[in-house]
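Here are my notes on the model, set out point by point. Please read them with the structure open.

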Amino acid sequence: MTDLYIRALNLIDKEFTINEMLMELQISREQLYTLFRKMKELGMNFKKKYYSSGDIIYIPNKEIYVLLASPW
């Protein structure tokens, strides 16, 4: 697993919003979408939680620690 995946999973665990993740990872919205699509292909599924302010938070379907310990 690349450093970008690990950093993204750690930010998800800390409940960062999409916009906060973009700023922290210094990537574009398209790159973040591609990252989540590749994670989904690897078996990581996420739910989106929407807030009235327009913020979106990804919530993993599994414990984040299980995802971080996976050997991909």
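The points below go from the overall fold to helix packing, then to the aromatic residues and one loop residue.

1. Status and overall layout. This is a predicted model. The protein chain has four helices and two strands. Along the sequence, their order is α-α-α-β-β-α.

2. Burial and contact range. The protein chain has 72 residues, and 29% of them are buried. Take the contacts between residues at least 6 apart in sequence: 43% of these join residues at least 24 apart.

3. Helix α1 against helix α2. Helix α1 covers residues 3-13 and helix α2 covers residues 18-25. Their axes lie 11 Å apart, and the packing angle is about 145 degrees. The crossing of α1 past α2 is right-handed. On the α1 side, the contact uses Leu4, Arg7, Ala8, Leu11 and Ile12. On the α2 side, the partners are Met21, Glu24 and Leu25. Sorted by class, this contact holds six nonpolar and two charged residues, with no polar ones.

4. Helix α2 against helix α3. How do these two helices lie relative to each other? Their axes cross at roughly 100 degrees. An angle of 65 to 115 degrees counts as roughly perpendicular, and α2 and α3 are therefore roughly perpendicular to each other. The axes come within 10 Å, with α3 spanning residues 29-41. From α2, the contact takes in Ile18, Asn19, Met21, Leu22 and Leu25. From α3, Arg29, Leu32 and Phe36 take part. The class split for α2 with α3 is six nonpolar, one polar and one charged.

5. Residues to check in α2. Met21 and Leu25 appear in the contact with α1. Both also appear in the contact with α3. Inspect these two side chains when viewing either helix pair.

6. First aromatic pair to view. The count of aromatic pairs comes to three. One of them joins Phe36 and Phe46 in an edge-to-face arrangement. The ring centres are 5.4 Å apart, with 85 degrees between the planes. Phe36 belongs to helix α3 and Phe46 to strand β1 (residues 46-50), so this pair ties together parts 10 residues apart in sequence. Phe36 is buried, at 8% relative accessible area. Phe46 is buried too, at 17%.

7. A further aromatic pair. Phe46 also pairs with Tyr58, again edge-to-face. Here the centre-to-centre distance is 6.1 Å, and the planes are 85 degrees apart. This pair links distant parts of the chain: Phe46 sits in strand β1, and Tyr58 sits in strand β2 (residues 56-60), 12 residues apart. Tyr58 has a relative accessible area of 14%; the cut-off for buried is under 20%, so Tyr58 counts as buried.

8. The aromatic cluster. Which residues make up the cluster? Phe36, Phe46 and Tyr58 form one aromatic cluster. Of these, Phe36 also takes part in the contact of α3 with α2.

9. A loop residue. Is Thr17 buried or exposed? Thr17 lies in the loop between α1 and α2. Its relative accessible area is 10%, under the 20% cut-off, so Thr17 is buried. What does Thr17 touch, leaving aside neighbours within four places in sequence? Its contacts are Asp55, Ile56 and Ile57.

Methods. Residues are numbered from 1 along each chain as its sequence is written. This is a predicted model: local features need pLDDT of at least 70, side-chain atom pairs count only at pLDDT 80 or more; totals for chains, interfaces and linings use all residues. Side-chain values use heavy atoms; hydrogens and water are left out. Axes are lines fitted to C-alpha atoms, for helices over the stretch in contact, and angles run from 0 to 180 degrees between N-to-C directions. A crossing is left-handed if the near helix is turned anticlockwise from the far one by less than a right angle, and right-handed if clockwise. Contact means heavy atoms within 4.5 Å. Ala, Val, Leu, Ile, Met, Phe, Trp, Tyr, Cys and Pro count as nonpolar, Asp, Glu, Lys and Arg as charged, and the others, Gly among them, as polar. Angles under 35 degrees count as roughly parallel, over 145 as roughly antiparallel, 65 to 115 as roughly perpendicular and the rest as oblique. Rings of Phe, Tyr and Trp (its six-membered ring) pair if their centres lie within 6.5 Å; planes under 30 degrees apart count as stacked, over 60 as edge-to-face and the rest as tilted. Buried means under 20% relative accessible area, exposed over 50%, partly exposed in between (1.4 Å probe, protein chains only).
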